[in-house]
Amino acid sequence: MHDSQTLQNPKSQISNRDIRILLWDIDGTLMRSTVQGGYKKYFTSVMQKVYGHAGNLDGIMPSGMTDTQIIYESLRGEGFTPEQIFARKAELLEVFKTEMTRVLAQNGEPFEILTGVREILTETDKNPRFINALLTGNLSVAAEIKLKSVGLWHYFENAPNAFGEISHDRNDLAIEAGKLFNERYEFAFPPEQFIVIGDTPNDIACARAFGAKVVAVETGRGQSSEKLLENKPDFLLEDLSDTKKVLEVLQTL
Ligand SMILES: [Mg+2]
């Protein structure tokens with residue numbers, strides 16, 4: 001882990017201009033559910049309890065969506081606006097944590113870490129040139145539960161992460177990630193020093209909305225490499241299994 005002194009003063013180890021901030025997506029990039037649609041088990045009860053409707057969850061393709069976007073898209077047919085979803089944010093986070101913990105305790109959504117992820121995070125974590133953080137559509141409570149379940153949370157728990165409760169629009173998350181970093185380090189990192197790593201066209205779009213670089217990985221369920229290439233990532237990787245190659249790619253950007 002980077003110690004707190006390093007966090008406050010990255011210049012102590014390396015010129016700020018040489019730092020690259022790695023913004024990791026979670027689902028389909030670091031890890032994935034081993035059962036398709038496992039998320040529905042807790043999303044349904046959360047929406048029932050917090051908003052009084054489960055809505056049209058079955059009609060949603062959640063890949064690349066933020067959790068709050070999934071809830072909004074499911075409930076908009078009931079007349080809900082994003083503002084109404086966010087008005088109950090505190091309750092949403094609390095109930096989400098309870099329901100997700102309950103479903104996972106019943107082995108309702110087993111997760112697996114993707115190949116090479118632990119190795120690349122270990123390398124980037126000890127390399128002073130890189131800082132790891134999350135840029136995820138997951139609510140903070142969901143991200144913590146998921147990453148703890150595969151032993152990855154310690155890489156991110158002290159980072160200025162951007163989570164799905166910031167906005168239902170993923171493009172806002174990347175811009176917010178930049179603000180969170182600048183506040184934490186008291187330094188205006190330019191967007192091109194951020195590298196988004198994700199598995200969907202939405203990850204690429206949010207990086208571009210901010211001005212960040214982007215590495216796409218083909219490990220997301222139901223994502224085609226053609227579709228990812230159409231969105232022009234800086235690099236497209238089949239997976240993260242070749243640690244040396246991934247490091248080379250990240251060092252090029
Ligand atoms: Mg993803």
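**Exercise 1. Which strands and helices cover the buried residues of helix 7?**

This is a predicted model, so open it up and work along with the steps below.

*Solution.*

Step 1. Begin with the helix itself. Of the ten residues in helix 7, seven are buried, so the helix is mostly covered by the cut-off of under 20% relative accessible area.

Step 2. List the buried positions. They are Ser140, Val141, Ala142, Ala143, Ile145, Lys146 and Leu147.

Step 3. Look at what lies over them. The cover includes three helices and three strands by name: helix 2 (40-51), helix 3 (67-75) and helix 5, together with strand 2, strand 3 (111-113) and strand 4 (130-134).

Step 4. Finish at the end of the helix. Gly151 follows helix 7 and has a positive phi, near 75°.

**Exercise 2. Work out how helix 5 and helix 7 are oriented towards each other, and which residues make their contact.**

*Solution.*

Step 1. Take the axes. Those of helix 5 (residues 89-105) and helix 7 (residues 140-149) come within 9 Å, and they cross at roughly 25°.

Step 2. Apply the cut-off. Angles under 35 degrees count as roughly parallel, and helix 5 and helix 7 are therefore roughly parallel to each other.

Step 3. Add the handedness. The crossing of helix 5 past helix 7 is right-handed.

Step 4. Name the residues. Helix 5 contributes Leu93, Phe96, Lys97, Met100, Thr101 and Leu104, while helix 7 contributes Ser140, Val141, Ala142, Ile145 and Lys146.

Step 5. Sort them by class. The contact holds seven nonpolar, two polar and two charged residues.

Step 6. Zoom in on Lys97, which lies in helix 5. Lys97 is partly exposed, with a relative accessibility of 48%. Setting aside residues up to four places away in sequence, Lys97 touches Val141 and Ile145. As a landmark, the C-alpha atoms of Lys97 and Gly52 are separated by 18 Å, with their positions 45 residues apart along the chain.

**Exercise 3. Compare two further helix pairs: is helix 2 parallel or perpendicular to helix 3, and what is the crossing angle of helix 6 and helix 11?**

*Solution.*

Step 1. Start with helix 2 and helix 3. Their axes come within 11 Å and cross at roughly 70°. That makes the two helices roughly perpendicular, because 65 to 115 degrees is the range for this class.

Step 2. Check the handedness and the partners. Helix 2 passes helix 3 in a right-handed crossing. Phe43, Met47 and Tyr51 of helix 2 meet Asp67, Ile70, Ile71, Ser74 and Leu75 of helix 3. By class, this contact has six nonpolar residues, one polar and one charged.

Step 3. Turn to helix 6 and helix 11 (residues 243-252). Here the axes come within 10 Å, crossing at roughly 45°, which makes helix 6 oblique to helix 11.

Step 4. Complete the second pair. The crossing of helix 6 and helix 11 is right-handed too. Glu119, Ile120, Glu123 and Thr124 from helix 6 meet Thr243, Val246, Leu247 and Leu250 from helix 11. The residues of this contact divide into four nonpolar, two polar and two charged.

**Exercise 4. Find Leu114 and decide: buried or exposed?**

*Solution.*

Step 1. Locate the residue. Leu114 sits in the loop between strand 3 and helix 6 (117-126).

Step 2. Read its accessibility. At 8%, Leu114 counts as buried.

Step 3. Find its neighbours. Apart from residues within four places in sequence, Leu114 is in contact with Gly28, Thr29, Leu30, Met31, Arg32 and Thr219.

Step 4. Add a distance. Leu114 and Lys245 are 131 residues apart in sequence, and their C-alpha atoms are 16 Å apart.

**Exercise 5. Which residues coordinate the magnesium ion, and where in the chain do Asp27 and Asp199 lie?**

*Solution.*

Step 1. Name the donors. Asp25 (OD), Asp27 (O) and Asp199 (OD) coordinate the magnesium ion, at 2.1 to 2.2 Å.

Step 2. Write their spacing. In sequence the donor residues follow D-x1-D-x171-D.

Step 3. Place the distant pair. Asp27 is in the loop between strand 1 (20-24) and strand 2 (31-33), and Asp199 is in the loop between strand 5 (194-198) and helix 9 (201-210). The pair is 172 residues apart and links distant parts of the chain.

Step 4. Compare their accessibility. Asp27 is partly exposed at a relative accessible area of 30%, whereas Asp199 is buried at 5%.

Key:
Residues numbered from 1 in each chain as written. Predicted model: local features only at pLDDT ≥ 70, side-chain atom pairs only at ≥ 80, totals over all residues. Heavy atoms only, no water. Donors = N, O, S within 2.8 Å, 3.2 Å for Na, K, Ca; no water. Helix = DSSP H or I, 4+ residues; strand = E, 2+ residues; numbered from the N terminus. Buried < 20%, exposed > 50% of the residue type's maximum accessible area, 1.4 Å probe, protein only. Axes fitted to C-alpha atoms, helices over the stretch in contact; angles between N-to-C directions. Parallel < 35°, antiparallel > 145°, perpendicular 65-115°, else oblique. Left-handed = near helix turned anticlockwise from the far one by under 90°. Contact = heavy atoms within 4.5 Å. Nonpolar A, V, L, I, M, F, W, Y, C, P; charged D, E, K, R; others polar.
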